[in-house]
Every structure is written in structure tokens, then in C-alpha cells.
Amino acid sequence: MGGSGSRLPRDLLNEYQELTFLSKQEILLAHRRFSELLPKEERDRAFLTRLPRSKMLTLPELRANPFRHRICRVFSTAPEGGEGDGLSFEDFLDMLSVFSDAATPEIKSHYAFRIFDFDDDGTLDKKDLENLVNCLTGDGEESQLSPLEMDQLIQNSAFLFLVFCTRGPAARAFLSQRRRMCVPCFTVAQP
């Protein structure tokens, strides 16, 4: 793991294990990966250093993700656009914890909602869905949908999107209510 300055203290390791869905081995690996992205002179201070977003986006798992910028924004505790923009080691651990197989569906859906809520207003509206589609289709002129295509896609998929974002008892109640209102409904696998 490097010099003694880059080692993860046992008490912190135990605390991180209690607070995340990660095993001790996964936390140690995360610490090593985070430290390797830092300049050599800052590796001994990994706990006090924020990894710039540009460096975080070099990770293969994020580089290929169309929501990479939103993921970094949602998990960063730094003020938007302020000094120290980026992720701390604890932000990084939170992100890995949520995306781990051990995280609960409720935690995963909570963060999925936050990632898709592009304007951070606590609701998923038409503009958020447009941003979501644009992330998936690409930012280039040639890959973006026309306004008519976008409206049709959102009208045809908003209900499905809503159902997938609210899986669980609330979704079943919502689907039950929609059936009584004679609104077309789609079958969703039980969580």
C-alpha cells in the first residue's frame, strides 16, 4: 500500500466499514485507488485532499458512464464550482458504497433520483427527463432528438421511468391507483 503515511488507520477502517456497504478489503482497495490518482506529494494526505473532478473522471467506471458529471456532483460535498471542487476520500467511499452490490435498493433508488434530478429541485420534471435523454444519446447536434421526438419519447416513457424510480410499496400503491383510473399500465418486476 505504499509508505506508512498512506496507510489507513485501523480505527478509520472499522468506522468506514460500519458506515458503508463495503468490506474492509474493498475499503483498502478504494483507498489505494484514490491515493494513486493523487500527485505523489499529496498521497500522504489523502484524507485531507480533494481529488479534482477531472482526475476522478479518468476512472474507467466513470469515463464510460453518460451520467459521470452528475455522479461526481451528487457525491461531492464540495460547494458547486467553489474552491476544492471534487471528491474527498469519504465522498469517494460513499459513491462506491452506493454502487456496490451490497447497497439496498432504497439507497440505490435514492441516489438514482438525485443523479437524474439535474436541477436539484427535488422533483423529476420534463427538463430533467430531457437532460437524461440527452446524456444517453450524446451531446452532439447530430445525436440529439428533435423537440417533437423528445416530447413523444418523454410522453411515452415518463410513466415507465416513474415506476422504475419508485419501485417498492409506493410503486405498487401508485400502480394500483393508476389501474383504477383506467390509465395504461405496464408490468414491473417486484423488487
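This is a short tour of a predicted model, moving from the whole chain to one helix and then to the ends.

Before selecting anything, note that residues are numbered from 1 along each chain as its sequence is written. Because the model is predicted, local features need pLDDT of at least 70 and side-chain atom pairs count only at pLDDT 80 or more, while totals for chains, interfaces and linings use all residues.

Start with the whole protein in a cartoon view, where the secondary structure comes to ten helices and zero strands (helices, H or I, are DSSP runs of at least four residues and strands, E, of at least two, numbered from the N terminus). Of its 191 residues, 33% count as buried, that is, under 20% relative accessible area with a 1.4 Å probe and protein chains only.

Next, colour by pLDDT, the predictor's confidence in each residue from 0 to 100; the protein averages 80, and 77% of the residues score at least 70.

Now select helix α6, residues 89–99, where the mean confidence is highest, at 96. Within α6, the buried residues are Phe89, Asp91, Phe92, Leu93, Met95, Ser97 and Val98. To see what covers them, add α1 (10–19), α2 (24–37), α3 (53–56), α4 (60–63), α5 (68–75) and α7 (105–116), which are included in that cover.

Then move to helix α10, residues 169–180, where confidence is lowest, at a mean of 49. Finish at two stretches with pLDDT under 50: residues 1–5 have six contacts beyond four places in sequence, and residues 177–191 have 17 such contacts, a contact being heavy atoms within 4.5 Å.

Technical notes
Side-chain values use heavy atoms; hydrogens and water are left out. Buried means under 20% relative accessible area, exposed over 50%, partly exposed in between (1.4 Å probe, protein chains only).
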